[in-house]
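Open the model in your viewer and keep the selection tool ready. We will go stop by stop.

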Amino acid sequence: MRLQYPANIKIIKVPCTGRVDITHMLSAFEEGADGVFVAGCLEGDCHYLKGNLRARKRVNYVKQILDKVKIGGERIEMYNLSAGMGGRFAEIAREMGTRIKELGPSPINLTEGRRESHIGEEAA
Amino acid sequence: MIKAIGKPIEEIIELVKDYETLLIAGCDGCVTVCEAGGLKEVNVLAAALRLYFTQAGKKMQIDETTCTRQCEREYLDPLADRADQYDAMISLACGVGCQHLAERFPEKIVYPGVDTCFMGVNLERGLYAERCQACGKCILAETGGICPIARCSKRMLNGPCGGSSKGKCEVNSEIDCGWHLIYERLKTLGQLERFQQPVSPKDWSTSRDGGPRKIVREDIRV
């Protein structure tokens, strides 16, 4: 398909978004990610029945934590798309990239001694 | 088991904001089962605190550990070698474990990271309900295995009060009337005649009314 999406996205593959834990998402921010998006299967289409629904709940929980620790809950998002929706994936990647660029670097990366910011992503 | 719920992060931040080294100590017992203070919750709280203090420009060393049970001294001893390294500790154990940690390390500041709620059951993951108030004199044999002390809002002993309506409690329509449950259970068991027998006033001296309690078992003491 040769679709273009921002090159500063790091993809972490997991067998199911149900594998994505709160600690994984927080670690991404600790490691310097400016934003994270979790790309799960369409709701109702989970091979493991509820993996993507559980992931959404966890993402929402992490949003609350990020708001409380002044990083900003809008830096993380959950999307649902199927493996056949390459175009939508590229669109989401651009959409998220634009959102994060508008927000600017994570406050973590603005503190002294932190490495240059980058955008991180988790996808399944 | 003892049920607890994590304190709001902002409350914990306020408690520890002036320290530079912090140990978050979880417990592998009850609070792990109710997912309030086990290893995973320790990891999440530590990550959240690190994010907060890093963005605030404050360097803070936050270490993580758990004990098999914070309510037993033997399991706290391994912390003795490293306790001096920290300005303060946050215990994610129940109130018992948190106090025991403070007793074991009297020179250390120990903060609770969870609110300890009650002794109860797991109805399902993330749904816990109170079942015992540790009154010290169990009357479950007379009440069909359902405790009126824990399940009745008024701790009635002789049947439901006037606030019982359609099996629910007047305190909250989501609370089952404990005495309604007892009645239905005794009916199932064919023991409704128990309602014919007056119940003697309960001796509350074995409960909190008798002050802080202690069990002394000379037969097993070393």
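What pattern does chain A follow, read along the sequence? It runs β-α-β-α-β-α-α-β. Before selecting anything, note that this is a predicted model: local features need pLDDT of at least 70, side-chain atom pairs count only at pLDDT 80 or more, and totals for chains, interfaces and linings use all residues. Residues are numbered from 1 along each chain as its sequence is written, and chains are lettered from A and ligands numbered from 1 in the order in which they are written.

**Stop 1: chain A.** Select chain A. It has four helices and four strands. Helices (H or I, at least four residues) and strands (E, at least two) are DSSP runs, numbered from the N terminus. Of the 124 residues in chain A, 37% are buried (20 or more other C-beta atoms within 10 Å of a residue's own, with C-beta atoms placed from the backbone).

**Stop 2: where the chains meet.** Now show both chains. On chain B, 13 residues are in contact with 14 residues of chain A. Contact means that the C-beta atoms of two residues, placed from the backbone, lie within 7 Å. Which helix gives the largest share of the side of chain B that touches chain A? Helix 3 of chain B does, with 10 residues. By class, that side of chain B has six nonpolar, four polar and three charged residues. Here Ala, Val, Leu, Ile, Met, Phe, Trp, Tyr, Cys and Pro count as nonpolar, Asp, Glu, Lys and Arg as charged, and the others, Gly among them, as polar.

**Stop 3: a helix pair.** Select residues 22–30 of chain A, which are helix 1, and residues 39–55 of chain B, which are helix 3. They pack at an angle of about 25°, with their axes 10 Å apart. Axes are lines fitted to C-alpha atoms, for helices over the stretch in contact, and angles run from 0 to 180 degrees between N-to-C directions. That angle makes the two helices roughly parallel (under 35 degrees). Zoom in on the contact. Helix 1 of chain A brings residues including A:L26 and A:F29. Helix 3 of chain B brings, among them, B:V44 and B:L51.

**Stop 4: a sheet in chain B.** Select strands 1, 6 and 7 of chain B. They form an open sheet in the order 1-6-7, with antiparallel pairing (two strands pair if DSSP finds at least two bridges between them). Which strands are at the edge? Strand 1 (2–6) and strand 7 (127–132) of chain B, each pairing on one side only. Finish on B:I2: its bridge partner in strand 6 of chain B is B:M119.

Terms used. Angles under 35 degrees count as roughly parallel, over 145 as roughly antiparallel, 65 to 115 as roughly perpendicular and the rest as oblique. A residue is buried if 20 or more other C-beta atoms lie within 10 Å of its own, exposed if 12 or fewer, and partly exposed in between; C-beta atoms are placed from the backbone.
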